[in-house]
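Hello,

Here is the structure I promised to hand over. Have a look at it first, and then read on for what I found in it.

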Amino acid sequence: MGDPHYRTFDNKYYSFMGNCSYILAKNCIADQTHPLFEVSVKNERSAKSLLTAVGQITIKVFDQVIEIVRNEISMVRVNYEVWSLPITLKRPQGQLNLVQSGLSVILWTDFGLTVQYDWEEYVKITVPSSFMGKVCGMCGNFDGQKDNDLIKQGGFKAESIEDMGKSWIVPDQKDLQFKNCHSVIEPHVFFDMCKFDYCRGGEMKDYICDMLQVYTDACQRAGVEVHDWRRIAHCRYLRSGDKCIRKEECGCQFNGRYVQPGEAFWGDDQCTQRLICNVGGQLKKEETNCPLGQGCTVVSGIRDCYPVHYGTCLVSGDPHYLTFDGEAFDFQGTCVYELAGVCTKKAGLEPFDVIVQNDGRNKQKGSSTKLLEVKVYGNTIVISEDRPGVVMVNGELNNLPVNLNSNKVQIYRSGFFAVIETDFRLKVSYDWNSAVTVTVPNTYQGDMCGLCGNFNGNVTDDMLLKNGQVAKTVEELGQSWCVAEIPGCVNGCTGPCPNCDLTQKIQYETNAYCGLLNDPSGPFRDCIAGINPSTFYQGCLYDVCLHQGKGSMQCKTLSAYTAACQAKGLTVYPWRTATLCNAQCPPNSHYEVCDKGCGTTCQSMTTAGTCKGPCQEGCACNRGFLLSGDQCVPVEQCGCQYKGRYYKAGKTFYPDGLCAEECVCSGTGVSCKTFSCGPSEKCDVKNGVRSCQAIGKGACSISGDPHYNTFDNQTYNFMGTCTYVAAEGCHLDGTHLTPFSVVVENEKWYDMSDDPKVSVAKLVAVTVYGTTIILRRNQIGLVMVNGVMMNVPLNLNDEQIVVKQIGNNYVISTDFGLRVTYDLVYHVTVTVPGNYRDKTCGLCGNFNGNKDDEFQLPDGKMTKDVTTFGASWKVGVPGVVCEDGCVGDSCPQCPASEMKEIDSDCSIITNPKGPFAVCHGVIDPASYYRDCVYDVCVAGSKGHTQMLCHSINAYVIDCQDIAMACPANSHYEDCALPCQTPCPGLTSINCADTCAEGCACNSGYLFNGTGCVQQDECSCYHDGKTLKIGETVVTVDCESKYTCLKSGVVVAEHMSCNIDETCGVQNGVRRCYPKQCTVGTNGVFSTFNGRTGEVTTGGPYDLVLMCDDSQTDDWFRVGMDVQACGKSGQMTAVGIYAFFDGASIMVNSKFETLQLMRPLKKVNRHLKGNL
């Protein structure tokens, strides 16, 4: 057992890391008194690491095949049928028995062979002494000499343990991992094994518990009493076998096997006798046959009636449809359509529906599948392009794999695809991009409908409308099967469908585009004969031509053809390159053209992975990492399995659907407690996640000079030019609310006057989840995250924090409902969810519903003076000179002579028949009108028009959260969807999907998150970040860098800093920088190696000098003069000295420079710090 350790029949110990299927022991010299037998083990890898586990034991004896599969507790497979224990089989050659003993199954024969397996990782084989010298395999030859146990098949001595293991591989068994061990009672052997496994597995406590269980079994078999060790070792308690029942509830006996009540099975190998066990031990026998279209065969080790053949419908590219019966057509619809469903009520057919939603709303050309919905067994399963790696089941997000309805529905990942598979052999897959396949058994032949056709074997009648009539055009067909419309969707091309000329087609027939599909010596050479590439080839040409060679459209078809080939078990050779359809794999993973996907998930640590079907291309986790949901993480960061669902580490969830129980997944497992939602909350599902959702919200607006409108609708003016807390979470102890802080830095508004009396927002900083996000005035398209400059849009920690642009506003939003907007000029809003009532403080007030107590100081006391209130929430910033605004008569006043004109201009806000009348019922325009009059007046003639527009826009933003001024290559719409034409990959970060007044891209332009650009100017979107074309970003540890190519592909490269460099951030850019020695505020210094210290006494100091005085040519010395400055007494460098051979230069804090032509005497001072 373990990782994995062996003890042979002759007591030789060794470890072997094989990952195949092996013969453990068999009779190599059979005769009349020594029957033939063979015991083999199938080993499965629990992850792409060195850790393995026994997946299956197979015993062949008396012409019987006995299979014992990992985790199939109390069950075994006899001749490819699942049987319950106990079992007695009497054969002409002899008798064998199988029983459950404690946590193990034991097989024994009448000639003395015994095999024990604990359904997990411990295997023990015993043979009688009469077999000495007659056996062979991984367990040795049993001749009493352990020195000759490493023997290969054929009797040759193995050169190594690996050489021996390779010789005992069971034919036709591959891609599996093995874990096997024999133990003895001596504790040091178990101790050594445990240490070995623990070191390999890190935090994997299961290995400790498993080893202790084995040692317990060995002791108990030897008659030694063992006390309760699981409680002390914090190991889970296990149920021994199946449940205990009353005698009258027992099942049946059949040919020496025990059958559980209610179990049905075949009584022969032709599927003609169906037996059902009734309670009380009565077997009911029915003479039957497999239904029409099904045959009796063995699939995945189970004998049953299975469909003879299947029909497959394929959707790919832009999009192209290939029906069950082989009809090919192109349909450019962008609505929601019935792809495939059951349109009859024939008995025995399980109904289901497959629905697709296409994107490309309002596009002039093309569309593709962006969402797949499958309805089956009362479940609604949604797989969306916007949620790669996860699925939505009945409205809630789930990590893969998922089992529903007692395994009647299984959802798992295979390569790039999510796969939905049912017990009646329906199989639906979607690659979270554009390719969809629907496979149905022939039992549904003639009973299907939808865009995939009726599956009746007749290719000429697939274009049927819902009413049974033949469609005249594909647009008519699509409209007939349209089941829902979304804003802006169309059933076909908006105008003549585009095409391309012969010259373009010749270019796109090369291997740089679609030619690979037909290349007889190319990567699809082994598939061309099995699947005609003609339909795929034509679809590829159409897509590439439609988009004029841009956007790597050929990749969609090449990927779809790869999947079709691999689904039939045909070999596809590597075809992706750095410049052609480069696979975008997440961190800690890599691309594989043929990935089995077995056992690479965190769930496989305790449950052996299952390989479903042939391999698929996809992203596989690197060695030492496991798939946790949609991310590859180290073993110690794996999450938890709880009530059939997998949760990531650190996840808080509410499994009862009522939020009456709150559970947290941690490194030690799942811990739950009684829970209830707080005030202003309700238990609900939002964005696929169930939690306590806030009821209502509070909004604070900061605009203009600036004018404040608090959460409780109190308005006031405060013209401070410092940095202030606008809003933060307060009094949060004892709640489950997330702490946050929103800080606004103001500055004098020089754009409006040469001698401004008013201020405006310069910077907005949001701190939440340990991350600080900063938006700066006029810093278009950029945001600073923890000191590093990044492009907008941005998605951090799986949408914990999202930064995006909506209209003219930059928006910072969190998963708990905090939302901060800034137009980078004039206007800031802070919106908090309703459950923060009476839990906020700062300039935006306390959000308690009472606007009369807003001026609350940080100590809880009240003030009536606005200036005192504002100044109390000031955040000190070293070195910044600012003031807390004007008081009384010093504040600017508006001349009465200008009031009439200004009043007329600003009255558009309050005009009951004006363009904003619809907003009056949402937000009272009175305060916005007053602010407009004041701001326009103060701005004077220089800024009259500009300020008027800002003031009006502030009201529009607060009413609809969007501005009306449109950037280049876009136009205004009263119901705009910025992401109706997104750049490829943008939706993976975040994209507004609701209709609102705003800007839409002009024809021929795509939205890149901040503006409208041509397709070849789109950015790259990787791991939640936006990279401009040609931009390179470096990871936090400077060990990897990612570069955005013009093709939209992000290329990853390993990197490392040189010995004279350090990984750091300067001016918002992270990269390797030369190591520096620095001295900063208050005498704090940092050495070249990054260690810090502090100068506490004034005077001259050496910073760096050549210590070898014999070197005269390159000799130098740098010193500084430190003095205590001002009332604060802070130690500050006031002068710097650079000494060279023959010259010296001095620079002081008064901007004076002095050059001397001779060196000065050495300075002898010592720095104080942690050096």
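A good place to begin is strand β12, residues 123-126, which has two unlike faces: Val 123 and Ile 125 make up the covered one, while Lys 124 and Thr 126 make up the uncovered one. Please keep in mind as you read that this is a predicted model.

The partner of β12 is strand β11, residues 114-117, and the two pair in the antiparallel sense over 4 bridges. Within that pairing, Gln 116 has Lys 124 of β12 as its bridge partner. The two strands form a hairpin, with 5 residues between them. In the turn you will find Trp 119, which has a positive phi of about 60 degrees.

Now for the overall picture. The protein has 1171 residues, and 50% of them count as buried. It contains 12 helices and 81 strands. Among contacts with a separation of 6 or more, 52% are between residues 24 or more positions apart. The exposed surface comes to about 54000 Å², with carbon and sulfur atoms supplying 51% of it.

Next, a sheet. One open sheet has 8 strands with antiparallel pairing, in the order β23-β22-β21-β34-β33-β32-β31-β30. Its edge strands, each pairing on one side only, are β23 (328-330) and β30 (402-404). From one strand to the next, the twist averages 15 degrees. At the β23 end, strand β22 (residues 320-322) is joined to β23 by 3 bridges, and the two run antiparallel. There, His 320 stands opposite Asp 330 of β23. Helix α7 (residues 534-546) packs on this sheet and touches β21 (310-316), β22 and β23. The direction of α7 makes about 165 degrees with that of β22.

Two other helices are worth a visit. Helix α8 covers residues 554-567, and Lys 556 is found in it. How many of the 14 residues of α8 are buried? The count is 13, so α8 is mostly covered. Lys 556 itself counts as buried, because its relative accessibility is 18% and the cut-off is under 20%. Leaving out residues up to four places away in sequence, Lys 556 touches Gly 317, Ser 368, Asn 433 and Ser 434. Gly 317 is 239 residues from Lys 556 in sequence, yet their C-alpha atoms are 5.3 Å apart in space. The length of α8 agrees with expectation: at 1.5 Å a residue its 14 residues should span 20 Å, and its end C-alpha atoms are 20 Å apart. After the helix comes Gly 569, with a positive phi near 80 degrees.

Helix α11 (residues 926-939) can be checked in the same way. Its 14 residues should span 20 Å at 1.5 Å a residue, and the end C-alpha atoms are indeed 20 Å apart. Why call α11 largely enclosed by the rest of the structure? Because 10 of its 14 residues are buried. Among them are Tyr 928, Cys 932, Val 933, Tyr 934 and Cys 937, along with Asp 931 and Asp 935. Just after α11, Gly 940 takes a positive phi of about 70 degrees.

Finally, the cores. The largest nonpolar core holds 55 residues, and those touching the most other members are Phe 740, Val 783 and Val 830. Strand β53 (residues 759-768) gives the largest share of this core, with 6 residues. A second, separate core has 53 residues, including Leu 339, Val 391, Val 474 and Leu 477.

Val 830 also deserves a look for its surroundings. Not counting residues up to four places away in sequence, its contacts include Gly 698, Ala 699, Cys 700, Phe 711, Val 742 and Leu 818. Thr 831 lies in strand β61, residues 827-833. Is Thr 831 buried or exposed? With a relative accessible area of 13%, Thr 831 is buried, because the cut-off is under 20%. Leaving aside neighbours within four places in sequence, Thr 831 is in contact with Lys 697, Gly 698, Ala 699, Gly 817, Leu 818 and Arg 819.

I hope this helps you find your way around.

Best wishes

Technical notes:
Residues numbered from 1 in each chain as written. Predicted model: local features only at pLDDT ≥ 70, side-chain atom pairs only at ≥ 80, totals over all residues. Heavy atoms only, no water. Buried < 20%, exposed > 50% of the residue type's maximum accessible area, 1.4 Å probe, protein only. Contact = heavy atoms within 4.5 Å. Areas by Shrake-Rupley, 256 points an atom, 1.4 Å probe, with all protein chains shown as cover. Pairing = 2+ DSSP bridges. Axes fitted to C-alpha atoms, helices over the stretch in contact; angles between N-to-C directions. Expected span 1.5 Å × (residues − 1). Core = buried A, V, L, I, M, F, W, Y, C linked by side-chain atoms within 4.5 Å.
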